[in-house]
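User: I've got a model open and I'd like to know what stands behind the words people use for it. Can we go through them together?

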Amino acid sequence: MAAYASAAEPIEPIPETSPAERVVADVQAIGAPAADAERVRDSVPLWFHTFALAPGVYTPGIARDHGYRLAVLGADRFAGRSVLDVGAFDGFYSFLAEVRGARRVVAVDNEQYVDWVRARFGVTLTGGAGFRAIAGLLASRVEYRRMDALDVRELGERFDVALCFGILHRTCWRRGAKSCSRPTARAWPPTPRRSRFTTRATYTRAMTSSTGASPRRACVDWRGSSASTS
Ligand SMILES: C[S@@+](CC[C@H](N)C(=O)[O-])C[C@H]1O[C@@H](n2cnc3c(N)ncnc32)[C@H](O)[C@@H]1O
């Protein structure tokens, strides 16, 4: 994401949260007292994920089109299992795994989104701020590590489930994720064929649908990406 920064590029307005993302957020309604919910919402200058903090109080997440994922993230996938969430950002899926019965969840992110958010929206984020804010509200036991996907073997653990949403096109995750998954572990989503992002057009489509990025921005990412899928 480092290649995002360019002095000549205009700063974009922060997109409004889509109603569809509120529906996704409602699957793990936190139910905090309104005052706590508003404090947490306002403590982070930009949210990626939309969380339902209290009735009518949502974090204004910029992520889009996450609803399709829920169908494969039922309690049967998580209950009693250990889960690694790679590229967790604010941690929506880490906390979902915990709420749905995972016995242990580790969230990993190299926090490159800090540079992306600054370059795209002119907002300065503290890495992990959204994650920590939600973890506090939930009294969560999810462990957060600032770490690159390629280094997850340093965790020295094997996980039953590895979540790699919105990151497969950015990194050769298999080298890292395979090193800490049990032989029987199923990663979700499945690894795309190497050819999936071989053209700028397919990469742009993937970026715009999974992150809400503008096609122009997605192309910047394409140029700056070191994804081994390219
Ligand atoms: C598009 S967001 C996806 C967030 C979340 N997984 C989801 O799908 O809702 C991509 C996230 O992956 C992180 N990321 C990108 N490359 C990474 C890498 N090589 N190692 C760890 N995290 C990475 C970014 O910092 C960002 O938080």
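Analyst: Sure, here is a short round of questions and answers on this predicted model.

User: What makes strand β3 "largely enclosed"?

Analyst: A residue counts as buried with 20 or more other C-beta atoms within 10 Å of its own. In β3 (residues 82-86), 5 of the 5 residues are buried, so the strand is largely enclosed by the rest of the structure.

User: How do you know which faces of β3 are covered?

Analyst: Side chains in a regular strand alternate between the two faces of the sheet. Ser82, Leu84 and Val86 sit on one side, Val83 and Asp85 on the other, and they are all buried, so both faces are covered.

User: Why are β3 and β4 called paired?

Analyst: Pairing takes at least two bridges. β3 and β4 (residues 104-109) have 5 bridges, in the parallel sense, so they pass. Ser82, for instance, stands opposite Arg104 in β4. Between the two strands the chain goes through helix α4 (residues 92-99), in a right-handed β-α-β crossover.

User: What about β3 and β6?

Analyst: Here 3 bridges join β3 to β6 (residues 159-163), and they run parallel. The cut-off is at least two, so this counts as a pair as well. Val83 stands opposite Val161 in β6.

User: Which residues come nearest to the ligand?

Analyst: Gly87, Phe89, Ala149, Phe165 and Gly166, out of 19 around the ligand. The shell divides into 9 nonpolar, 6 polar and 4 charged residues.

Technical notes
Residues numbered from 1 in each chain as written. Predicted model: local features only at pLDDT ≥ 70, side-chain atom pairs only at ≥ 80, totals over all residues. Near = placed C-beta within 6 Å. Nonpolar A, V, L, I, M, F, W, Y, C, P; charged D, E, K, R; others polar. Buried ≥ 20, exposed ≤ 12 C-beta atoms within 10 Å, placed from the backbone. Helix = DSSP H or I, 4+ residues; strand = E, 2+ residues; numbered from the N terminus. Right-handed = clockwise from strand over helix to strand, strands pointing away.
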